[in-house]
Structures are given as C-alpha cells and as structure tokens.
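Hi,

Here is the structure I said I'd send over. Have a look at it first, and then read on for what turned up.

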Amino acid sequence: MHTPARFTHFFLSTRGGLLALASLLAGGLAAAAGAAYIMIPLLINFGYRCPFQAVTGLNCPGCGSSRALFALQHGHLWEAFTLNPLLLIGLAAFALGLFYLLWRALRPHFTPLAYRYHDRQLYAGLIVLGAYTVLRNLLGF
C-alpha cells in the first residue's frame, strides 16, 4: 500500500481517524472563520473587486462571498443568502458532512467508512458552478 492509500485508510477506517479528520476539518473551519473576520473588513474597506468581474463585467460563482461571510458572522442570515446563496448551501453541506463524520465515529457500533472518489462528483460540481454562474448573471441574483 503506498503512502496516500495508508493515509486515507487510517482516516476512513478507524474511529480515531474519523475523529481526527473531523477535528482537522472543524479546526480549519474555525481558523478560516477567524481569518475571515479580520480580513474581510479590510478587503471591503480597500475596495477589493473580483478580478473575473473586473475583466468580464459578469459575476463569478464566488462574487459576494466576502460580503456574505461578513454578514453571516454578524448574524444577518438573509442578507448573506441574498449576496451568495451557493456559499450558504455549501457551508450547510460542509457542516452536515462534518456532523456525519462525527456521528460515524462516535456511534457505539463503529463501521469503517468506505468512500471512493469518482470523477462524476467533480463533473457534477463543475456543472452546478457553471449553471449557478449563468443563472446569477441572467437573472441578476
């Protein structure tokens, strides 16, 4: 077994591995939220503009994410949703995945998580991003 396979096998097939993975994901999310809390007001105050929007005049899938995260950190859920709905849906999916990992690791009858990455997941994600980009530019949201 080569090194990446052993690494993946540990995280997906042991209770400690799943707890470690969930802890790493939660810690990374907390660190990113802390950095965003500090950096987003600086970006907004200095007039940072999306490079894709500056060149094309169109909104990219991430346009409005900074302002949405800022609004979300201040408890303005609806404002965050109106700025970038895909971001909130993605954060909710991430949180559900994190809770699922914790549930799998902490339940009494532990069974290894058998997960395999498939290209169709990547293609589905790219299709969602592309469709979201087209719709948000056509419909103006």
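The lining of the second largest pocket has 8 nonpolar residues, 1 polar residue and no charged ones. Keep in mind while you look that this is a predicted model. The residues around that pocket are Leu-29, Ala-32, Ala-33, Ala-36, Leu-69, Leu-72, Gln-73, Leu-87 and Leu-91. Three elements each give two or more residues to the lining: H2, helix H4 (65–73) and helix H6 (85–106). H2 has the largest share, with 4 residues. As for the space inside, the pocket holds about 180 Å³.

Since you'll want to find your way around, here is the overall layout. The protein chain has 7 helices and 0 strands, so to speak an α-α-α-α-α-α-α run if you start from the N terminus. There are 141 residues in the protein chain, and 20% of them count as buried.

Leu-98 is one of the residues to click on. You'll find Leu-98 in helix H6. Is Leu-98 buried or exposed? Its relative accessibility is 11%, and because the cut-off for buried is under 20%, Leu-98 counts as buried. Try drawing a line from there to Leu-19: the two residues are 79 apart along the chain, and their C-alpha atoms are separated by 9.9 Å.

Now for the outside. Tyr-37, Ile-38, Met-39, Leu-42 and Phe-46 form a nonpolar patch on the surface. Together they have about 580 Å² of accessible area. Two members of the patch are worth a click as well.

Ile-38 lies in helix H2, an element that also gives residues to the pocket lining described above. With 56% relative accessibility, Ile-38 counts as exposed, because the cut-off for that is over 50%. If you pick Ile-38 and Phe-70, which are 32 residues apart along the chain, you'll get 9.7 Å between their C-alpha atoms.

Phe-46, in turn, sits in the loop between helix H2 (15–45) and helix H3 (51–56). Phe-46 has a relative accessibility of 70%, so Phe-46 counts as exposed too.

If you only have a minute, colour the nonpolar side chains and look at two places: the lining of the second largest pocket, with its 8 nonpolar residues, and the surface patch that runs from Tyr-37 to Phe-46 in the list above.

Cheers

Note on methods:
Residues numbered from 1 in each chain as written. Predicted model: local features only at pLDDT ≥ 70, side-chain atom pairs only at ≥ 80, totals over all residues. Heavy atoms only, no water. Patch = residues over 30% accessible without salt bridge, like charges linked within 9 Å, V, L, I, M, F, W, Y side chains within 5 Å. Areas by Shrake-Rupley, 256 points an atom, 1.4 Å probe, with all protein chains shown as cover. Salt bridge = Lys/Arg side-chain N within 4 Å of Asp/Glu carboxyl O. Buried < 20%, exposed > 50% of the residue type's maximum accessible area, 1.4 Å probe, protein only. 1 Å grid on protein atoms, 1.4 Å probe; cavity = no way out; pocket = protein on both sides within 12 Å on 5 of 7 lines; lining within 4 Å. Points joined across faces, edges and corners; volume = space filled by probe spheres on them. Nonpolar A, V, L, I, M, F, W, Y, C, P; charged D, E, K, R; others polar.
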